[in-house]
Amino acid sequence: MGFIYFLLGLLPIIWLIVALIVLKMPTFKAAMGSLAVAILLALFVWKLPFMNVLTATLEGFANAAWPIILVIIAAMFTYNLTLKTGAMEVIKHMLSSVTNDKRILILILAWCFGGFMEGMAGFGTAIAIPAGMLYAMGFDPIFSCLVCLIANGVPTAFGSIGIPTVTLAGLVGLENTTLSFYTAIQLAPFILLCPILIVMATGKGFKALKGVLPVTLASGISFLIPTIIIGNFVGAELAVVVGSVCSLLVTILMGSKVKPDPQYEMEKKDKQPLVVKECVKAWSPFICIFVFLLLTSKLVAPVNSALSQFSSAVQIYCGQNPNTLTFAWINTPGIWIFLSAFIGGKIQGASLNDFVSVFVSTLKQMKATMITMCSVLGCAKVMGYAGMIAAIADFAIGVTGPLYPIVAPWIGALGCFVTGSGTSSGVFFGAVQASAAQALHANTYWIVALNSMGVAAGKMLSPQSIAIALSAVQKEGQDSKLLAKILPYGVLFLILMSIYAFVGAKIL
């Protein structure tokens, strides 16, 4: 019976895979289908009362709306506003004017700036924008996509102001900062490896590192150390944002002093000189986000404590052992991001009509994403309360036993490969990982974080990521060609992740 319940419990996820990959359905429709399948199974197989199923679904919707959707809309609103005011063009000009060495430019745009865009906005912007910039500068379109896909996987766990890790922590009842620290530690080797692989891809081998190895190593180290520190003391929200900014500054500083190798030198183009005032204006929304999130974090305890009182704790599920949801009405990242967008927008000269039109267009743009997040959170809650998650975990542990940590990253990668989202992967499989950790008496933080580590590989291989990259360089339809190029990197990551996961589980 265990195997039968395992298969039945997997049906919502199997449906999602089939709907997305075989039936080519839009993600929001596939996610709604998964929710429907979970509800039917809960009612007729697991015999959960109707009101329990209804309130479990509503709990998922509420969890999705605040703070997840709030942050998503705020982040994309900020990004879209910088497009409207022209600030993003200033930022692009700044980054592309540092050097004419291809290797350094790719590090700056794909790795550093791509990491920053993932941390701030996510949802494909961190792939599309750098890839489009590289293509516009004369790089091969497929190559531009390749390096941006390699660079984008690792920061995903902390993307969109930390939403994947914050959501995962809340879903399984773990502490944000501790889970962020474990996630950063697990991603550490890959943060160091990514810049090296990106530079090697530029010159098709180790020879490309000649003359830029110190910069390449520094680019990874300066990304890693702040990510670990911020993750541990502040939380997931600013981990990659601070890490990418530090990496950007170090890479620009060191890269500007590197004499370009003629083999990798790009032709210089006449460009308008940079004006400091315009540069500060362009970055103003992102500076405000950084300042607000830092000042209201646990690092500034008096402010954090004062704002924490403006919250409500509610129980929505009407069955046994309901979760308590806490809604922070002021001290939540989405509020501060919106405030930063308004301040930055005014500095950049945005009118009231600009704010309104951008906000409305952002809501329309993200409508499908909002439906997707509500559906996957609702599905996860129904699966959890009904017992489907427990059935999946029990069977997986029974088959793999103490070797479970080896397959844990592959589970996270599968979730992200299918959905294209680190958040969705955590929602679907986070509870499975937590249940496995408890059954094995393993470190729960380590095992749960393995899901996010796997996401780093799944994101670069995801059909959605590949499609976004190709659309940015006007090469739609070449998905199989790009997948063939990125696949070896994804497989390499997963093999290394499995080894690291198993060793770490033994030590901890």
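Which side chain meets K381 in a salt bridge? The partner is E59, with 3.0 Å from N to O. The model is predicted. Two topics follow: the salt bridges and the largest pocket.

**Salt bridges**

- The structure holds 4 salt bridges. Three are described here, each with its place in the helices.
- K381 sits in helix α16, residues 367–386, and E59 sits in helix α3, so their salt bridge ties together parts 322 residues apart in sequence.
- Both ends of this pair, K381 and E59, are buried.
- K459 and E118 also meet through their side chains in a salt bridge, at 4.0 Å from N to O.
- K459 belongs to helix α20 (residues 444–461) and E118 to helix α5 (residues 102–120), so this pair links parts that lie 341 residues apart in sequence.
- K459 has a relative accessible area of 6%, and buried means under 20%, so K459 is buried.
- E118 has a relative accessibility of 3%, so E118 counts as buried under that cut-off too.
- K281 and E278 form a salt bridge at 3.7 Å, N to O.
- Here both residues lie in one helix, α12 (residues 276–295). They are 3 residues apart, about one turn of the helix.
- K281 has a relative accessible area of 24%, which falls between the 20% and 50% cut-offs, so K281 is partly exposed.
- E278 is partly exposed as well, because its relative accessible area is 36%.
- As a general point, side chains of opposite charge can pair when their charged atoms come close.

**Largest pocket**

- The largest pocket holds about 1,100 Å³ of space.
- Its lining counts 37 residues. Nearest the pocket centre lie V166, N176, E237, A328 and N331.
- Elements giving two or more residues to this lining are the helices α3 (50–85), α8 (159–172), α9 (176–203), α13 (301–308) and α14 (333–347), plus the strand β2 (325–328).
- Helix α8 supplies the largest share of the lining, with 7 residues.
- By residue class, the lining has 17 nonpolar, 16 polar and 4 charged residues.

**Where the topics meet**

- Helix α3 appears under both headings. It gives two or more residues to the lining of the largest pocket, and it carries E59, the salt-bridge partner of K381 in helix α16.

Terms used:
Residues numbered from 1 in each chain as written. Predicted model: local features only at pLDDT ≥ 70, side-chain atom pairs only at ≥ 80, totals over all residues. Heavy atoms only, no water. 1 Å grid on protein atoms, 1.4 Å probe; cavity = no way out; pocket = protein on both sides within 12 Å on 5 of 7 lines; lining within 4 Å. Points joined across faces, edges and corners; volume = space filled by probe spheres on them. Helix = DSSP H or I, 4+ residues; strand = E, 2+ residues; numbered from the N terminus. Nonpolar A, V, L, I, M, F, W, Y, C, P; charged D, E, K, R; others polar. Buried < 20%, exposed > 50% of the residue type's maximum accessible area, 1.4 Å probe, protein only.
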